[in-house]
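Visitor: I'm new to this one, and I'd like to know the reasons behind the labels people use. Could you show it to me and then take my questions?

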Amino acid sequence: MNNLPITDIIIIVIYLLLMVGIGFYFSRKNKNAEQFTKASGKIPGWAIGLSIYATFLSSNTFLGNPGKAFGSNWNVFVFSISMPLAAWVATKYFVPFYRKTGEISAYTNLEKRFGPWARTYAVVCFLLTQFARMGTIFFGMALSLQALTGFSMQSIMIVMGICIIIYTVLGGMSAVIWTEVAQGIIKTLGALLILYLVIQQIPGGFNKVITIAKADNKFSLGSTAFDFTTPTFWVVLLYGFFINLNNFGMDQNYIQRYHTAASEKQAAKSVWLCVWMYVPVSLLFVIIGTSLYSFYQLQPQMIEPVKLKLAAEKLGALATQEQIQNLAANFKPVDYADKVLPYFMVTKVPTGLLGLIVAAILSAAMSTISSNMNASATVFTMDIYKKYFKPRITDKQQLYSLHLATVVFGLIGLSAGLAMIGAKSLLDTWWKLSGIFAGGMLGLFLLGLISRQAKNAAAITATIIGVLVILWMTFSENISDKYSVVKSSLHSNMIIVVGTLTIFLTGILVARLRGSKQ
C-alpha cells in the first residue's frame with residue numbers, strides 16, 4: 001500500500017471537481033429531453049470524435065494493453081488495425097442510416113423490420129452489456145488505484161461513482177462529450193508521461209528497448225497461420241472487426257453521438273477522428289508494455305516483490321517462505337503482467353506526476369462509464385418506459401425519467417463493481433451470459449439492414465439458432481472429454497464472429513426458402 005503524498009491528492013481532487021464543474025455548467029442549458037440525449041445536435045465534429053475516442057480508450061486499454069505486451073507480444077494491437085475497415089463501413093452505411101431515421105435509439109429500426117420482440121431483445125442485451133462493462137471498469141480501475149493511492153477499493157469506487165453520476169445527470173450528453181474531450185486529452189498525456197518515465201530510466205534508452213524486444217520476439221503481431229483455435233493474427237483481426245462493427249453500428253453509446261453532430265458529414269468525420277487517434281495511442285500503450293519488459297529484464301531483482309506477492313496470494317496464508325520463493329522463481333512474465341504497470345507507478349513515479357497519472361487512469365474509466373450511463377438511460381426511457389408504460393409522455397416527464405434512470409443505472413454499475421470484490425465468480429458468469437446475448441445483436445441488425453427479403457419468422461428462427469450456437473461455443477469448455485467430438489475447437493474470440501454470421505446467413509437462407517415456397 002502506498003501513502004499518496006498531499007500534492008498528488010490535491011491534483012486528483014482538482015480533477016474531480018473540474019469534471020463535476022462541467023456538469024454544473026451545462027445544467028443551465030440542459031432543460032429538455034433533446035438537450036439531454038442529443039445536445040440539440042450542436043456539438044462540433046472534432047469534439048464528438050474526441051468523445052468517441054475517449055470512450056474507446058477505457059481503463060481496460062490503459063492498464064490492459066501494456067500488460068498484454070509485457071506478457072507476450074504486440075498481438076493485442078491487431079485489434080486496433082481492424083478499426084479503419086470497420087470505420088469505413090460505419091461512415092458509408094451506418095452513419096447515413098441513423099441520421100436519416102432521426103431516431104435517438106439504435107434499436108427502433110429493429111421493431112420496424114421484425115416487430116417489438118426484436119427491439120426488446122436488443123435493448124435487454126444492450127443494458128446487460130452496459131451493466132457488465134461498468135462493473136468491470138469500476139472494479140479494474142479500483143484494483144489498480146488501490147495500490148497507487150492506499151485507499152480502499154470501496155472508497156475509490158464510491159467517490160468516483162458519485163462524481164460521474166453528478167456531472168452526467170446535471171449536464172446530460174453535453175457534459176458527457178465535453179468531459180470526455182478533457183479526459184481524452186488527459187489520458188493521452190498520461191500515457192506519454194508514463195512512456196517517458198520508463199525510457200528515461202533504461203540504460204541505453206529506446207535503442208536498448210528495441211534490442212531486447214527484437215531478441216525476445218516482442219514485436220510479433222501473432223502467427224499468420226490460418227489457425228482459428230489460437231489467438232493468431234487473423235483471429236484477433238476478425239474479432240476486432242466484428243467488435244468494432246458492433247460498436248459503430250449497434251452500440252447506443254456511439255450511435256447517440258451521431259445525432260449530436262450538426263450534419264452527417266460532421267458525424268462521419270468524428271468516427272474517422274476517433275480511429276486516427278485511437279490506433280496510434282493504442283500502439284503507444286503496447287510500446288509502454290514492451291518498454292517495461294525491457295526495463296525489468298535489465299533489472300530483474302526490481303520485479304521480485306511483485307512475483308513474491310503474487311506467489312503468496314496463490315499459495316495462501318499457510319505457505320512457507322521457501323514455497324513462496326520456489327513458486328515465484330517459476331513465474332513467467334505473462335503470469336504477473338497486469339501488475340507491472342501499477343507497480344512501476346508506485347515505485348518509480350515522482351510526487352506530483354503520480355497525481356497526474358492517477359487522474360489519467362480515472363479519466364480512462366470515467367469517460368466510458370459516463371457515456372454508458374447516459375446511453376442506458378436513453379434506451380430505457382425511449383425503448384421501455386415510453387413504449388410500454390407512458391406512450392403519451394410529456395417532455396418534462398421524459399427528462400425526469402432520463403435523470404432518474406441515469407442515477408439508477410449508475411448505482412447498478414457501481415454495485416456491480418463493489419459486488420465483484422467478494423463474488424467475482426458470480427459476476428464472471430453474469431458477464432459471460434450478457435456477452436452471449438450481445439453477440440446476437442449485430443447479426444440481427446445486419447439482417448434487417450441488408451436483407452429486404454427477411455421478415456419476422458426468418459429473424460426469429462435465425463436469432464434462436466444463432467444464440468444456441470453462441471451458447472455452445474461459450475460453454476464448450478465445460479463439456480466432458482468423453483464428448484470431445486462435440487466440443488468447439490475455435491478460440492473464444494471467434495464466438496462473436498461465428499454468432500453474427502450464423503444469424504445473418506441463417507436469416508437470409510430461411511427467408512429465401514420461405515420465399516421459394518410461397
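Guide: Sure, and let's start with a pair of helices: H6 and H11 are called roughly parallel to each other. Keep in mind that this is a predicted model.

Visitor: What makes H6 and H11 roughly parallel?

Guide: It comes down to the angle. Helix H6 (residues 83–101) and H11 pack at about 25°, their axes being 9 Å apart. Angles under 35 degrees count as roughly parallel, so H6 and H11 get that label. Their crossing is right-handed, by the way.

Visitor: Which residues of H6 and H11 meet?

Guide: From H6 there are Met83, Leu85, Ala86, Ala87, Val89, Ala90, Phe94 and Tyr98, and from H11 there are Phe241, Asn244, Leu245, Phe248, Gly249 and Met250. Sorted by class, this contact has twelve nonpolar residues, two polar ones and no charged ones.

Visitor: Why is H3 called oblique to H13?

Guide: Again, look at the angle. The axes of helix H3 (residues 45–56) and helix H13 (residues 264–298) cross at roughly 45° and come within 7 Å. Roughly parallel needs an angle under 35 degrees, and roughly perpendicular starts at 65. The crossing fits neither, so H3 is oblique to H13. The hand of this crossing is right-handed.

Visitor: Which residues make the contact between H3 and H13?

Guide: On the H3 side you'll find Gly45, Trp46, Ile48, Gly49, Leu50, Ile52, Tyr53 and Phe56, and on the H13 side Gln266, Ser270, Leu273, Cys274, Met277, Tyr278 and Val281. They divide into eleven nonpolar, four polar and no charged.

Visitor: Cys274 is on that list. How do you know whether Cys274 is buried or exposed?

Guide: Its relative accessibility is 0%. Buried means under 20%, so Cys274 counts as buried. Cys274 sits in helix H13. Leaving out residues up to four places away in sequence, Cys274 touches Gly49, Ile52, Tyr53, Phe56 and Met83. For a sense of distance, the C-alpha atoms of Cys274 and Glu304 are separated by 39 Å, with their positions 30 residues apart along the chain.

Visitor: And why is H9 called oblique to H17?

Guide: Here the axes of helix H9 (residues 153–200) and helix H17 (residues 353–389) cross at roughly 140° and come within 5 Å. Roughly antiparallel takes an angle over 145 degrees, and roughly perpendicular stops at 115. The value falls outside both, so H9 is oblique to H17. This crossing is left-handed. The H9 and H17 contact has 21 nonpolar, ten polar and two charged residues.

Visitor: What about a residue in a loop: is His259 buried or exposed?

Guide: His259 is in the loop between helix H12 (252–258) and H13. Its relative accessibility is 7%. The limit for buried is under 20%, so His259 counts as buried. Setting aside neighbours within four places in sequence, His259 is in contact with Lys38, Gly41, Tyr98, Arg99, Gly102, Glu103 and Ile104.

Visitor: Why is Ser492 called partly exposed?

Guide: Ser492 has a relative accessible area of 48%. Buried would be under 20% and exposed over 50%, so Ser492 lands in between as partly exposed. Ser492 is another loop residue, between helix H20 (456–474) and helix H21 (495–517). Its C-alpha atom is 10 Å from that of Val236, although the two are 256 residues apart along the chain.

Visitor: How do you know whether Asn65 is buried?

Guide: Asn65 belongs to helix H4 (residues 59–71). With 10% relative accessibility against a cut-off of 20%, Asn65 counts as buried. Beyond neighbours within four places in sequence, its contacts are Asn60, Val76, Ser282, Phe285 and Val286. The C-alpha atoms of Asn65 and Phe285 are separated by 5.9 Å, while the two residues are 220 apart along the chain.

Visitor: Stepping back, how do you know whether the chain agrees with a compact globule?

Guide: With 518 residues, a compact globule would have a radius of gyration near 24 Å. The chain has 23 Å, so the values agree. Buried residues make up 56% of the chain. Its secondary structure comes to 21 helices and zero strands.

Conventions: Residues numbered from 1 in each chain as written. Predicted model: local features only at pLDDT ≥ 70, side-chain atom pairs only at ≥ 80, totals over all residues. Heavy atoms only, no water. Axes fitted to C-alpha atoms, helices over the stretch in contact; angles between N-to-C directions. Helix = DSSP H or I, 4+ residues; strand = E, 2+ residues; numbered from the N terminus. Left-handed = near helix turned anticlockwise from the far one by under 90°. Contact = heavy atoms within 4.5 Å. Nonpolar A, V, L, I, M, F, W, Y, C, P; charged D, E, K, R; others polar. Rg over C-alpha atoms; globule rule 2.2 N^0.38 Å. Buried < 20%, exposed > 50% of the residue type's maximum accessible area, 1.4 Å probe, protein only.
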